[in-house]
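This report covers strand pairing, side-chain exposure and surface patches. The sequence and the structure come first.

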Amino acid sequence: FDDDQLVVHANVGHLRDRASKQRSTTWGLGGEARLHDRVHGVAEVFGDHRTRPYIQAGVRWSLLPDRIQIDATTGRQLNGPHDSRWFSLGIRVTPRELF
């Protein structure tokens, strides 16, 4: 939206756990909003039909625009136990071509 100032993504999937032999329908809804030339705010809610959903939010900084980004997010399970919280740092590599 608005020339990529806001990007929204959604997905639905299916998971088959071989160990437990359980099948789950998975889903996610997220968004990215440009806060500055090299900084985006990110937020996402996701889960499956068996458990309460999870949320996470954070920032993504473009170290090298369109090539390397650094992510920092925090999240938790909605109405979940206190120990369901997390903090994550990541590197995202987005080359124009792989080969």
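The nonpolar surface patch draws at least two residues from each of strand 4 and strand 6. The model in which this patch appears is a predicted one. W61, L63, L64, I70, I91 and V93 make up the patch, which has an area of about 570 Å². Strand 4 contributes the largest share, namely three residues.

L63 belongs to strand 4. Is L63 buried, partly exposed or exposed? Its relative accessibility is 36%, so L63 counts as partly exposed, given that the partly exposed class lies between under 20% (buried) and over 50% (exposed).

**Strand pairing**

Strand 5 pairs with strand 4 and with strand 6, as tabulated here.

| Strand pair | Residue ranges | Bridges | Direction |
|---|---|---|---|
| Strand 4 and strand 5 | residues 54–64 and residues 68–77 | 10 bridges | antiparallel |
| Strand 5 and strand 6 | residues 68–77 and residues 86–93 | eight bridges | antiparallel |

Individual positions can be placed in these pairings. Q56 is located opposite G75 of strand 5. On the strand 6 side, I68 has V93 as its bridge partner, and T74 has F87. V93 is also one of the residues of the nonpolar patch.

Strand 4 and strand 5 form a hairpin with three residues between the strands. Within this hairpin, D66 adopts a positive phi near 65 degrees.

**Exposure along the strands**

Which residues of strand 5 point to the buried face? They are Q69, D71, T73, G75 and Q77. The side chains alternate along the strand, and I68, I70, A72, T74 and R76 point to the other face and are not buried. I70, on the face that is not buried, is a member of the nonpolar patch. G75, which stands opposite Q56, is on the buried face, whereas T74, the bridge partner of F87, is on the other.

How many of the eight residues in strand 6 are buried? The count is zero, and the strand is hardly covered.

**Positive patch**

A second surface patch carries positive charge and gathers R16, R18, K21 and R23. Of these residues, R23 lies in strand 2, which spans residues 22–36. R23 counts as partly exposed because its relative accessibility is 47%, and the exposed class requires over 50%.

Conventions:
Residues numbered from 1 in each chain as written. Predicted model: local features only at pLDDT ≥ 70, side-chain atom pairs only at ≥ 80, totals over all residues. Heavy atoms only, no water. Patch = residues over 30% accessible without salt bridge, like charges linked within 9 Å, V, L, I, M, F, W, Y side chains within 5 Å. Areas by Shrake-Rupley, 256 points an atom, 1.4 Å probe, with all protein chains shown as cover. Salt bridge = Lys/Arg side-chain N within 4 Å of Asp/Glu carboxyl O. Lys, Arg positive; Asp, Glu negative; His and termini not counted. Charge placed at Lys NZ, Arg CZ, Asp CG, Glu CD. Helix = DSSP H or I, 4+ residues; strand = E, 2+ residues; numbered from the N terminus. Buried < 20%, exposed > 50% of the residue type's maximum accessible area, 1.4 Å probe, protein only. Pairing = 2+ DSSP bridges.
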